[in-house]
Amino acid sequence: MKKHQAPSASRGVPAVLVLLGLYGCQELLPVVESPDLVKSGFAIELVLPFDEFAAGARVYGGYGRASDLVGGFVAHEFGAQREGGQGLEAATLMRFGRYPRVVQVLDTTGTLRPDSSLTFLGGHIVARFDTIASVHDGPVEIVAHALTESWDGISATWEYAVDTIGHRVAWSRLGGGVVEDIASVEWDPETGDSIRIQVDSARIAAWADTTDMGRGVRLTTTTPGVRLRIASSFIRLDTRPSLNPDTILQVPSGLDLTTFIYAPVPSQPRKTLRVGGAPAWRTVLELDVPGVLDGPEELCDAVGCPVEITEEHVSFAALRLTTRVGARAFSPSDTLSVDLRSVMAPDFLPKSPLGPSRLGFAGKLAPHGLFEPPAGEVLELVVTSLVRDLLRGETQGGDPIGDWVALLSTIEPISVEYLTFEGAASPDAPALRLILNFSRDDEE
């Protein structure tokens with residue numbers, strides 16, 4: 001086996017190459033995960049630098065809304081120490097739906113009957129936390145406030161109660177406007193994943209008015225340095241049925257709307273690539289995979305140069321992304337996933353439709369540990385079929401294939417957290433790893 005420092009493609013830009021096997025070589029190939037990757041003949045591994053396989057990279061934001069998530073976040077001064085300034089502030093807003101009108105009740109004779117004459121005596125809010133996706137150290141104080149200003153459950157942000165096209169209404173105070181106290185509770189993760197917050201009968205009666213667009217609950221935390229993911233929430237109503245007035249029933253009522261609001265909003269990255277967040281970020285790459293190689297010497301001696309590279313030569317291809325430590329406020333605390341899709345109409349970016357996933361249903365899992373200091377780890381996305389299509393000039397089914405691809409979350413948005421990678425100008429810029437097979441037929 002031999003290693004070569006500087007093979008080059010037709011554009012003359014050096015790439016890293018490893019000669020994997022010659023005709024008589026019987027050794028196992030440590031960089032090849034499957035022997036099927038190496039056919040009769042020999043194989044080479046190329047690692048092309050960014051400007052050898054791509055013509056540019058762009059980052060776009062604003063895909064989806066925080067309200068598209070199930071659940072929400074609460075945070076207070078999260079990441080402030082590391083960032084040396086304002087940390088993340090986040091609150092979850094909830095508006096409960098119509099209360100149940102009929103409940104099945106055992107009457108005084110023990111018969112199960114429907115009861116539509118219910119008296120609501122109070123209730124309590126239940127919120128369940130995703131302990132894996134939350135960052136905390138010990139017990140956390142959770143505070144519930146009643147919202148008093150009209151708000152839109154789809155578009156509300158930290159600054160605006162309503163933020164739709166052509167119509168913005170600011171909160172009277174940032175983060176939810178004027179609010180009224182309900183209660184506070186301490187959540188201790190050692191005792192469970194849920195909290196219960198008691199609500200009195202007057203508040204429960206007021207929330208029954210579904211025409212009131214100001215009704216709702218804001219959950220926050222006063223504990224600094226925490227960021228908690230709320231997996232689900234609902235309200236449980238205490239009611240006295242008319243058929244059995246000596247009995248108190250607890251009746252669940254679902255959510256009408258839920259979202260979360262936060263500040264500060266991350267700014268547009270200038271030197272890094274970004275995937276994820278809420279609203280979500282995408283990184284778009286314009287690919288220019290070389291179709292001709294003009295080296296190394298051993299390859300030229302074997303098959304002659306320049307060598308045309310076709311889809312039949314490609315046994316394996318992977319896009320290599322190098323992780324980077326991003327803003328602490330939005331750093332991942334749980335595994336996220338990355339998808340890669342073809343951009344169908346680049347002229348319409350950032351609103352271009354995308355093709356199907358190139359990485360499969362689950363995408364590529366990105367463990368959060370890869371982005372912890374000092375980061376610098378490689379996340380490899382297998383793109384063999386994409387590279388073959390690009391070299392072929394069309395998909396295997398004969399459909400057109402474009403040169404633009406988008407890196408995005410498998411589900412958009414899925415978390416306030418996002419992934420940060422080294423940009424195109426970095427020494428650790430994205431690279432393309434190729435394993436190419438050459439048979440005896442290539443010599444002729």
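Modeller: One term before we start: two residues are in contact when they have heavy atoms within 4.5 Å. Also, this is a predicted model.

Colleague: Fine. Which residues does Ser331 contact, leaving aside its neighbours within four places in sequence?

Modeller: Arg227 and Glu417.

Colleague: And where does Ser331 lie?

Modeller: In the loop between strands E23 and E24.

Colleague: Is Ser331 buried or exposed?

Modeller: Buried. Its relative accessible area is 11%, and the cut-off for buried is under 20%.

Colleague: Step back a bit. How many helices and strands are in the chain?

Modeller: Five helices and 30 strands.

Colleague: What share of the residues is buried?

Modeller: Of the 444 residues, 50% count as buried. The accessible surface comes to about 21,000 Å². Carbon and sulfur atoms hold 50% of that surface.

Colleague: What about contacts along the sequence?

Modeller: Take the contacts with a separation of 6 or more. Residues 24 or more positions apart make up 76% of them.

Colleague: New topic: cores. How many residues has the largest nonpolar core?

Modeller: It has 47 residues. Leu340, Leu381, Leu407 and Leu436 have the most contacts inside it.

Colleague: Pick Leu340. What does Leu340 touch?

Modeller: Not counting residues up to four places away in sequence, its partners include Leu319, Pro356, Arg358, Leu381, Leu386 and Leu407.

Colleague: Is there anything beyond that core?

Modeller: A second, separate core has 25 residues. Met94, Ile125, Trp187 and Ile204 are among them.

Colleague: Why would such residues gather inside?

Modeller: In soluble globular proteins, nonpolar side chains tend to be buried together.

Colleague: Now the holes. How many cavities of 30 Å³ or more are there?

Modeller: The count comes to three. The largest cavity holds about 70 Å³ of space, and the second largest has a volume of about 60 Å³.

Colleague: Which residue classes line the largest cavity?

Modeller: Its lining has ten nonpolar residues, no polar and no charged. Among them are Phe53, Leu319, Leu340 and Leu386. So Leu340 turns up again.

Colleague: And the second largest cavity?

Modeller: Eleven nonpolar residues line it, with no polar and no charged ones. They include Leu46, Pro290, Ile309 and Leu436. Strand E3, helix H5 and strand E30 each give two or more residues to that lining.

Colleague: Tell me about H5, then. Which of its residues are buried?

Modeller: Thr384, Leu386, Val387, Asp389 and Leu390. Val387 lines the largest cavity, and Val387 also lines the second largest.

Colleague: What do the buried residues of H5 pack against?

Modeller: Strands E20, E23, E24, E27, E28 and E30.

Colleague: What follows H5?

Modeller: Gly393. Its phi is positive, near 90 degrees.

Colleague: Last topic. How much space lies in the largest pocket?

Modeller: About 550 Å³. The pocket is lined by 25 residues. Arg65, Thr157, Asp163, Val265 and Pro279 lie nearest its centre.

Colleague: Which elements give two or more residues to the lining of the largest pocket?

Modeller: Strands E4, E11 and E18. E18 gives the most, with five residues.

Colleague: What is the mix of residue classes in that lining?

Modeller: There are 14 nonpolar, seven polar and four charged residues. Set that beside the largest cavity, whose lining has no polar and no charged residues.

Notes: Residues numbered from 1 in each chain as written. Predicted model: local features only at pLDDT ≥ 70, side-chain atom pairs only at ≥ 80, totals over all residues. Heavy atoms only, no water. Helix = DSSP H or I, 4+ residues; strand = E, 2+ residues; numbered from the N terminus. Buried < 20%, exposed > 50% of the residue type's maximum accessible area, 1.4 Å probe, protein only. Areas by Shrake-Rupley, 256 points an atom, 1.4 Å probe, with all protein chains shown as cover. 1 Å grid on protein atoms, 1.4 Å probe; cavity = no way out; pocket = protein on both sides within 12 Å on 5 of 7 lines; lining within 4 Å. Points joined across faces, edges and corners; volume = space filled by probe spheres on them. Nonpolar A, V, L, I, M, F, W, Y, C, P; charged D, E, K, R; others polar. Core = buried A, V, L, I, M, F, W, Y, C linked by side-chain atoms within 4.5 Å.
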